[in-house]
Amino acid sequence: MTKIAVYPGTFDPVTFGHMHIIKRAARLFDKVIMAVAADNYKKTIFTVEERLHLIRECCLDGLPNVELDVFNGLLVDYLHKKGAVAIIRGLRAVSDFEYEMQMASINRHLDQRVETIFLMTDAEYSFISSSIIKNVAELGGDIEQFVPGIVVEALRKKYKVGEGRE
Ligand code: COA
């Protein structure tokens, strides 16, 4: 039986941290679907299409068992629709634990068949989050060590870095 996992997130934008998790998840499952949340509570700076484009450009190379998709509504319903058995989440620090535990528990209550698998993020990515990178980018800081070049460029464009904002 093909074991399918879903790696869900907002990915606004994708970072080296996410890329590392997806690579490792791809080694554990027959197929991993990187699923971009289209309508969650977060206010995003990139549209769904932009987030998909950035992921497509930097996450899928050399990972033939990773697919990219968008989902709406409940994550467990999406898993069911895709025949997936697990949710992949990256755990960066103790501070992630409470929220992740809550999410894993609610998902399990909603659907007993679903397991959440946590992958510990490597120390070098443990302090990265999409919000913090957006914040640094907006203020013109160097983000090249945290996100791939195409994301650096996309953020610079969004925030008009180097164009002399008024
Ligand atoms: N490296 C770098 N950053 C990481 C990371 C890693 N390995 N793992 C997590 N993060 C960061 C993300 O960049 C993000 O940062 P941000 O908050 O600054 O944007 C943060 O950690 C976690 O966000 P993300 O991974 O995008 O997940 P999320 O919490 O935004 O997404 C969903 C949550 C979409 C999975 C969740 O809301 C969901 O399932 N929604 C569907 C509705 C549903 O089913 N609800 C009930 C269950 S919760």
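**Exercise 1. Start at H18: find what its side chain reaches, and decide whether the residue is buried or exposed.**

Solution. Begin with the polar atoms: one in the side chain of H18 sits 3.1 Å from the backbone nitrogen of T15. Keep in mind that you're working on a predicted model. Next, place the residue: H18 belongs to helix α1. Now for the burial call. The cut-off for buried is under 20% relative accessible area. H18 has a relative accessible area of 18%, so it counts as buried. Last, look for company from further along the chain. Setting aside neighbours within four places in sequence, H18 contacts Y7, F11, P13 and S130.

**Exercise 2. Follow the contact over to S130 and work out which backbone atom its side chain reaches.**

Solution. First, locate S130: helix α5 is where you'll find it. Then check its cover. S130 is buried because its relative accessibility is 14%. Now trace the side chain, which gets to the backbone oxygen of P13 at 2.9 Å. Finally, list the contacts, skipping residues up to four places away in sequence: S130 touches D12, P13, T15 and H18. So H18 turns up again here, matching the contact found from the other end. S130 also has a ligand link, as it is among the closest residues to the ligand, along with T10, K42, L75 and S131.

**Exercise 3. Take strand β1 and say which residues lie on each of its faces, and whether those faces are covered or open.**

Solution. Step one is the strand as a whole: β1 spans residues 4-9, and six of its six residues are buried. Step two is a bit of general background: side chains in a regular strand alternate between the two faces of the sheet. Step three is to sort the residues. I4, V6 and P8 are on one side, A5, Y7 and G9 are on the other, and all of them are buried, which leaves both faces covered.

**Exercise 4. Work out which strands pair with β1, and in which sense.**

Solution. Go one partner at a time. Strand β2 (residues 31-37) runs parallel to β1, with six bridges joining them. For a landmark, pick P8, whose bridge partner in β2 is A35. To get from one strand to the other, the chain uses helix α1 (residues 16-28), and β1, α1 and β2 form a right-handed β-α-β unit. The other partner is strand β4 (residues 86-91), again parallel, over two bridges. Here V6 stands opposite I87.

**Exercise 5. Carry on from β4 and describe how it is linked to β5.**

Solution. Start with the pairing: six bridges hold β4 and β5 together in the parallel sense. I88 makes a handy marker, since its bridge partner in β5 is I117. Then add the helix. With α4 (residues 94-110), the two strands make a right-handed β-α-β unit.

**Exercise 6. Place T121, then find which side chains put an N or O atom by the ligand, and at what distances.**

Solution. T121 lies in the loop between β5 (115-120) and α5 (130-138). Its relative accessibility is 12%, so it is buried. Beyond the residues up to four places away, T121 touches I21, R24, G90, L91, R92 and S126. On to the ligand. The side chain of R89 has an N or O atom 3.1 Å from a ligand oxygen. For R92, the distance to a ligand oxygen is 3.0 Å. T121's side chain has an N or O atom 3.4 Å from a ligand nitrogen. To finish, add up the cover: on its own the ligand has 920 Å² of accessible area, and the protein covers 86% of that.

Conventions. Residues numbered from 1 in each chain as written. Predicted model: local features only at pLDDT ≥ 70, side-chain atom pairs only at ≥ 80, totals over all residues. Heavy atoms only, no water. Buried < 20%, exposed > 50% of the residue type's maximum accessible area, 1.4 Å probe, protein only. Helix = DSSP H or I, 4+ residues; strand = E, 2+ residues; numbered from the N terminus. Pairing = 2+ DSSP bridges. Right-handed = clockwise from strand over helix to strand, strands pointing away. Contact = heavy atoms within 4.5 Å. Polar contact = N/O pair within 3.5 Å; in protein donor to acceptor, adjacent residues only side chain to side chain. Near = heavy atom within 4 Å. Areas by Shrake-Rupley, 256 points an atom, 1.4 Å probe, with all protein chains shown as cover.
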